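Okay, everyone, thanks for coming. Let me put the model up, and then we'll walk through it together.

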Amino acid sequence: MENANSTDYLSGRGAQINTHNRYAKNNLVIEHTEAIDDWEIENPKTAFIPTYPKTIVNKVDSPDTAMFYSLNPYQGCEHGCIYCYARNSHEYWGYSAGLDFESKILIKHNAPQLFKQFIEKKSWSVVPISISGNTDCYQPCERKFKLTRQILEIALAYKHPVSMITKNALILRDKDLLAELAKLNLVHVMVSITSLNEKLRQKLEPRTTTAKQRLKVIEELSALNVPSGVMTAPIIPSLNDHEIPALLKASANAGALAAGYTIVRLNGAIASIFEDWLKKSFPDRCEKVWHQIQSCHNGNVNDSRYSVRMRGEGNIADIIHDTFKLHCRINQLNVNRTELRTDLFRIPTPQLSLF
């Protein structure tokens, strides 16, 4: 159901509408809301939906990412980041990429068991598996379901390398496991920080932890010798591009060793979701932001071409790239690449019974 005609703003949500699922046969639209007494958009309560998929580890074919395989214990994400590329994947499950993505969370209860089964395959040739290639494995519901912790416990028992990316300080709950994995050079963590401006963060990523807390994550993990970095993504022209120097400096001061970035791209349903949000959140500069995003993607807001889609092209994209590269050099980021070990992998043998 699309609520694009309403000007009401849903506090605590990123998406302000539910876009049509392209795989659905029917499309429900609300029109002429001015004729409805006391009309307002309903802010949906978050629902946790149990699911039991057949597979959990997916091969990543994109040359634009450093990951080979990804694992996501949750589908949908409570964080509600307005720009999230994973929103489109919610349509595969029959939901909208809009409000549904952040309010209907699928809990893959058998994720730890599927992970264990996958790495025990005789055909498995060990390479690092990225946890959170799609949605955040430390989103708030992880506090209750603990699927990510169970997966880390298995990774440690099997001495299997993993990489992680998150924007939630909940990861510090598992620093005991991360420290043990780090001793064996089996883990690398990237922390996503999009803005140091708290007001902007609340609009971009309404249910995430503050940038201050994310810097604390880098600091505490670095103190435990867990190799950590920062992902300043996405960079959105005229919203957070000017923050690149401060973001990289603060992250390096906290102990980050690596840094990465992408320029925002609005593929699929994300384009209309973001445009609606932009008009409601920043009416004074929405046209400027929108056109500058287009200037980074050859006149569009999305580019599907490998090697170009993440970095963009054109004058604004070049300025962003040069600024990022310069301040990485100033802050001595990306000097050395973290290589995780794969030779330690062993399938634990059960202890023999005493009887």
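So, to start: how many bridges join strand 9 to strand 10, and do they run parallel or antiparallel? Five bridges join them, and the two strands run parallel. Before I go on, the housekeeping. This is a predicted model, so to speak of local features we need pLDDT of at least 70, side-chain atom pairs count only at pLDDT 80 or more, and totals for chains, interfaces and linings use all residues. Residues are numbered from 1 along each chain as its sequence is written, and side-chain values use heavy atoms, with hydrogens and water left out.

Some vocabulary too. Helices (H or I, at least four residues) and strands (E, at least two) are DSSP runs, numbered from the N terminus. Two strands pair if DSSP finds at least two bridges between them.

Back to that pair. Val230 of strand 9 stands opposite Ala259 in strand 10. To get from strand 9 to strand 10, the chain passes through helix 8, residues 244-254, and this β-α-β crossover is right-handed. Right-handed here means that, with the strands pointing away from the viewer, the path from the first strand over the helix to the second runs clockwise.

On its other pairing, strand 9 is joined to strand 8, residues 187-192, by four bridges, again parallel. There, Val191 stands opposite Val230. Strand 9 is also mostly covered, with seven of its eight residues buried; buried is under 20% relative accessible area, exposed is over 50%, and partly exposed is in between, using a 1.4 Å probe and protein chains only.

Now zoom out to the whole sheet. It's open, with seven strands in the order 2-3-6-7-8-9-10, and the pairing is mixed. Strand 2 (57-59) and strand 10 (258-263) are the edges; each has a single partner strand, so one side of each has no neighbour in the sheet. On average, neighbouring strands are turned by 25° against each other, direction ignored. For angles, axes are lines fitted to C-alpha atoms, for helices over the stretch in contact, and values run from 0 to 180 degrees between N-to-C directions.

At the strand 2 edge, three bridges link strand 2 to strand 3, residues 69-71, and that pair is antiparallel. Val57 sits opposite Leu71 there.

What packs on this sheet? Helix 11, residues 315-330, does: it touches strand 9 (228-235) and strand 10, and its direction makes about 175° with that of strand 10. Helix 2, residues 111-119, lies across strand 2, strand 3 and strand 6 (129-131), running at about 170° to strand 6. Contact, by the way, means heavy atoms within 4.5 Å.

On to the cores. A nonpolar core is a set of buried Ala, Val, Leu, Ile, Met, Phe, Trp, Tyr and Cys residues joined through side-chain atoms within 4.5 Å. The largest one has 60 residues, and Phe115, Ile119, Ile129 and Leu152 touch the most other members. Helix 4, residues 147-158, supplies the largest share of this core, six residues. Leaving aside neighbours within four places in sequence, the contacts of Leu152 include Ile131, Tyr138, Val162 and Met164. There's also a second, separate core of 28 residues, with Ile82, Cys84, Leu278 and Trp290 among them.

There's another open sheet to look at: three strands in the order 1-5-4, with mixed pairing. Strand 1 (47-51) and strand 4 (74-75) are its edge strands, each pairing on one side only. Strand 1 runs parallel to strand 5, residues 104-108, through five bridges, and Pro50 has Ile107 of strand 5 as its bridge partner.

Last stop, a loop residue. Ser132 lies between strand 6 and helix 3 (142-145). Is Ser132 buried or exposed? Buried, with a relative accessible area of 5%. The Ser132 side chain reaches the backbone oxygen of Thr135 at 3.3 Å, and one of its polar atoms lies 2.7 Å from the backbone nitrogen of Cys137. Those are polar contacts: pairs of N or O atoms within 3.5 Å, where within protein one must be able to donate a hydrogen and the other to accept it, and residues adjacent in sequence count only if both atoms are side-chain atoms. Beyond four places in sequence, Ser132 is in contact with Leu71, Asn72, Cys137 and Ile165. And Leu71, remember, is the strand 3 residue opposite Val57.
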